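Hi everyone, thanks for making the time. I'd like to walk you through one structure this morning, so let me put it up on the screen.

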Amino acid sequence: MSALILASKSAIRRQLLQNAGVAFAICDSGVDEDARKNRLLQAGTTPLRVAQALAEAKALAVSSKRPGKVIGADQTLDFRGRLFDKVASAEAARDRLLTLRGAQHRLHTAVAVAEGGSIIWRWRESPRLSMRAFTDAFLDAYMARNGAQVLSSVGCYQLEGEGLQLFDKVEGDYFSILGLPLLPLMAFLRSAGVMSQ
């Protein structure tokens, strides 16, 4: 079986693979995501295609240096056609949640596998999340309890935790919402001989 490498610094992606019993190494891609994302957006690239391009760039960057199959993944938040980046402060996080309150947004999640400097598999999903019209008082209490933790997510929530209370409807694959379409990825890894059938 060939080596499997995750080209990501994401703690949740690492945890998802570990929880699924997948053996893998970690290698930071070194891709300047912000610079690449800005170039893509200036060229009119959609949030979905930005996620796909970044996933592929990460996988290719590591695959060109290391043998084995390399997983690259990325996720973008698409609110009415606009890509939202992570915020840097609790005040900005509160503003982000107020913007998303009572509305739908999409999380475009992309994964790519590269080997020998070429993409050999790709997948993308776009779950739709509907945030409920929570009160200002609920939001203030949520922010007080979760503090800086909300800054680790582009949407300022963690669906796997208390952030779930911000929503009244979620459509799409749970693992894709967390940042890695795990079921199709594992099906590919089994078919590629990386994992047992």
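Let's begin with L17, which sits in helix α1. One thing to keep in mind as we go: this is a predicted model.

So, is L17 buried or exposed? With a relative accessibility of 0%, L17 counts as buried. Setting aside residues up to four places away in sequence, L17 touches L6, V22, F24, I71, L180, L182 and L185. Take L180 from that list: 163 residues separate L17 and L180 along the chain, yet their C-alpha atoms are 8.9 Å apart.

Now for the nonpolar cores. How many residues make up the largest one? The largest nonpolar core has 24 residues, and those touching the most other members are L77, L97, M131, Y142, Y157 and L166. At least two residues of this core come from each of β3 (69–79), α4 (90–100), β7 (128–131) and α5 (136–146). Which element gives the largest share? That is α5, with four residues.

If you'd like one residue to click on here, try L77. Beyond its neighbours within four places in sequence, L77 is in contact with R82, L83, F84, L100, H105, R106, L107, V154, G155 and Y157. There is also a second, separate core, this one of 20 residues, and among them are L6, L16, F24 and L185. You may recall L6, F24 and L185 from the residues that L17 touches.

On to charges. A search of the whole structure turns up nine salt bridges, and I'll show you a few of them.

The first on my list joins the side chains of E33 and K58, with an N to O distance of 3.3 Å. Helix α2 (residues 33–42) holds E33 and helix α3 (residues 47–63) holds K58, so this pair ties together parts that are 25 residues apart in sequence. How accessible are the two partners? E33 counts as partly exposed, because its relative accessibility is 27%. K58, at 4%, counts as buried.

K58 has another partner as well: its side chain meets that of D74 in a salt bridge, at 2.9 Å from N to O. Here K58 in helix α3 pairs with D74 in strand β3, so the parts being tied together are 16 residues apart in sequence. D74 is buried too, with a relative accessible area of 6%. Put these together and you get a network of salt bridges linking E33, K58 and D74.

Helix α3 takes part in one more pair I'd like to show. R122 forms a salt bridge with E56, and the closest N and O atoms are 2.7 Å apart. R122 belongs to strand β6 (residues 118–125) and E56 to helix α3, so parts 66 residues apart in sequence are tied together. On the accessibility side, R122 counts as partly exposed at 46%, while E56 counts as buried at 17%.

Next, the pocket, which I suspect some of you have been waiting for. How much space lies in the largest pocket? About 850 Å³. Its lining has 34 residues, and R13, Q75, K86, S152 and V154 are the ones nearest the centre. Two or more lining residues come from each of α1 (11–19), α2, α3, β3, β4 (82–84) and α6 (174–178). The largest share, four residues, is from α1, the helix where we started with L17. Sorted by class, the lining has 12 nonpolar, 11 polar and 11 charged residues.

Last stop: two backbone angles for anyone who likes to check a Ramachandran plot. R80 has a phi near 55°, a positive value in a residue other than glycine. Where is R80? In the loop between β3 and β4, and at 69% relative accessibility R80 counts as exposed. C156 also has a positive phi, near 65°, and again this is a residue other than glycine. C156 lies in the loop between α5 and β8 (167–171). Is C156 buried or exposed? At 0% relative accessibility, C156 counts as buried.

That's my tour. Thanks for listening, and I'm happy to take questions.

How values were computed. Residues are numbered from 1 along each chain as its sequence is written. This is a predicted model: local features need pLDDT of at least 70, side-chain atom pairs count only at pLDDT 80 or more; totals for chains, interfaces and linings use all residues. Side-chain values use heavy atoms; hydrogens and water are left out. A nonpolar core is a set of buried Ala, Val, Leu, Ile, Met, Phe, Trp, Tyr and Cys residues joined through side-chain atoms within 4.5 Å. Buried means under 20% relative accessible area, exposed over 50%, partly exposed in between (1.4 Å probe, protein chains only). Contact means heavy atoms within 4.5 Å. A salt bridge is a side-chain nitrogen of Lys or Arg within 4 Å of a carboxyl oxygen of Asp or Glu. On a 1 Å grid over the protein atoms alone, a cavity is a set of points where a 1.4 Å probe fits but cannot get out, and a pocket is an open set with protein on both sides within 12 Å along at least five of seven lines; lining residues have an atom within 4 Å of a point. Grid points are joined across faces, edges and corners, and a volume is the space filled by probe spheres set on the points. Ala, Val, Leu, Ile, Met, Phe, Trp, Tyr, Cys and Pro count as nonpolar, Asp, Glu, Lys and Arg as charged, and the others, Gly among them, as polar.
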